[in-house]
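Work through the exercises below with the sequence and the 3D structure open beside you. Try each task before you read its solution.

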Amino acid sequence: MSAIVGERDKLIMNTVPRFAPANDRVLLLAATAQAFKVAATTIAAPASIDFTAGLVNMQGQVAFTASNASVLKRVGNVASLAYTGMVGDSVTVTATIVVDGLTYTASQTVSKIFDGVTGNSARVSYSKTNLLSLGSTPATLSTEGATSYPPIDTWGAGTVWEGSPQLFGAGESLYRSDGIFNPASGTTKWAAPYLNALKVGQLSAISADLGKVTAGDIYSATIHGGSGYPHSTYTWPTNGQGGFHLSAAGLRLGNTATGGYFRIDSNGDVFAPGLSISQGNAKFSGELVAANGSFKGALVAATGTFGLIRSATSGQRTEYDSNGIRIYNAAGDLIVRLGVW
């Protein structure tokens, strides 16, 4: 670099300032919070939000506006929005200033954030017992608080209700009660208990109302149902009602007293109105109407009234009726006739 020796160079170097200062103008707007958090009690935090306008390379008083007709309070270039003065769930605050014919603006938007309302919650309680079953009265009961349980001895003597299943042994069963805690009332409403689990060597003496049951091999000593069969004995109803009985003794449907019944004994005998098959012998009483088909075997000691007996419908045959006996050859011609003609 050469030395500064010329008058022109000295003039340039001695000029103050060598560069013009920056004169960009900016309006800034800062908020102390971006939202009002509203609890379920409707109390908001914070109670108010301040908006401060910052001026860069300019001076003056800014103007503040708020959307939704919300109310602002201002001190100098600071505006405050109280929660109680906020209209709507969100508000936009805008600061404006005019300098040398130019308008400068800045905005901030704040919102309301609501806490959800605490709803009901489900609860359960358990009690073990050696009783055959627990009662169902009362159908419901209420206890105070979210950690309370039904009182001791509720629905059965010796029952202690807890939040977790107790260990139980043979001959004991575990019952469960379902509850709903209501935070508004501060109470838990419990329903009558139901059998949750049991431990037995043999399942017996259990009464259950079953809906649809899908099973494989089922063994049962006796199955009976219907208004006429509250009993498990292999006898007909005596109350005039019907139903069914199924056991090792056989099957009974209906009631002989009503005339509508069907019975199959374990030895193979069958009985129905007008029909019995017992020890290989069948008996039928009634009218056989429009019977057709064939019979093979010996008809012994049969009596009755016949209209026409024919060995074949055409060709060589023998016919018998009240007029006598007629015999036809293969051509269908009558060759013998005995009787009345």
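A residue is called buried if its relative accessible area is under 20%, exposed if it is over 50%, and partly exposed in between, with a 1.4 Å probe and protein chains only. This is a predicted model, in which local features need pLDDT of at least 70 and side-chain atom pairs count only at pLDDT 80 or more, whereas totals for chains, interfaces and linings use all residues. Residues are numbered from 1 along each chain as its sequence is written, and side-chain values use heavy atoms, with hydrogens and water left out.

**Exercise 1. Describe the protein as a whole.**

Step one is burial: of the 341 residues of the protein, 24% count as buried. Step two is secondary structure, where helices (H or I, at least four residues) and strands (E, at least two) are DSSP runs numbered from the N terminus; the protein has 1 helix and 25 strands.

**Exercise 2. Find the residues that touch the most other members of the largest nonpolar core, and the elements that build this core.**

Begin with the term: a nonpolar core is a set of buried Ala, Val, Leu, Ile, Met, Phe, Trp, Tyr and Cys residues joined through side-chain atoms within 4.5 Å. The largest one has 24 residues, and those touching the most other members are L27, L29, F51, F64, L81 and I97. Next, look for the elements that give two or more residues, among them β1 (26–31), β4 (48–56) and β8 (90–99); the greatest contribution, 5 residues, comes from β8. Finally, take I97 and leave aside its neighbours within four places in sequence: its contacts (heavy atoms within 4.5 Å) then include L27, L55, V62 and Y104. A second, separate core has 6 residues, including L141, W155, W161 and Y175.

**Exercise 3. Explain why β15 and β21 each have one side without a neighbour in their sheet.**

First write down the strand order of this open sheet of 7 strands, which is β15-β16-β17-β18-β19-β20-β21 with antiparallel pairing, where two strands pair if DSSP finds at least two bridges between them. β15 (222–225) and β21 (281–284) stand at the edges and have a single partner strand each, so one side of each is left without a neighbour in the sheet. Then check one pair: β15 and β16 (residues 244–247) are joined in the antiparallel sense over 4 bridges, and T222 has S247 in β16 as its bridge partner.

**Exercise 4. Locate two charges that sit over rings.**

Here NZ of Lys or CZ of Arg must be within 6 Å of the ring centre and within 35 degrees of the ring normal. R123 lies over the face of Y149, at 4.8 Å from the ring centre, while R317 lies over the face of Y328, at 3.9 Å from the ring centre.
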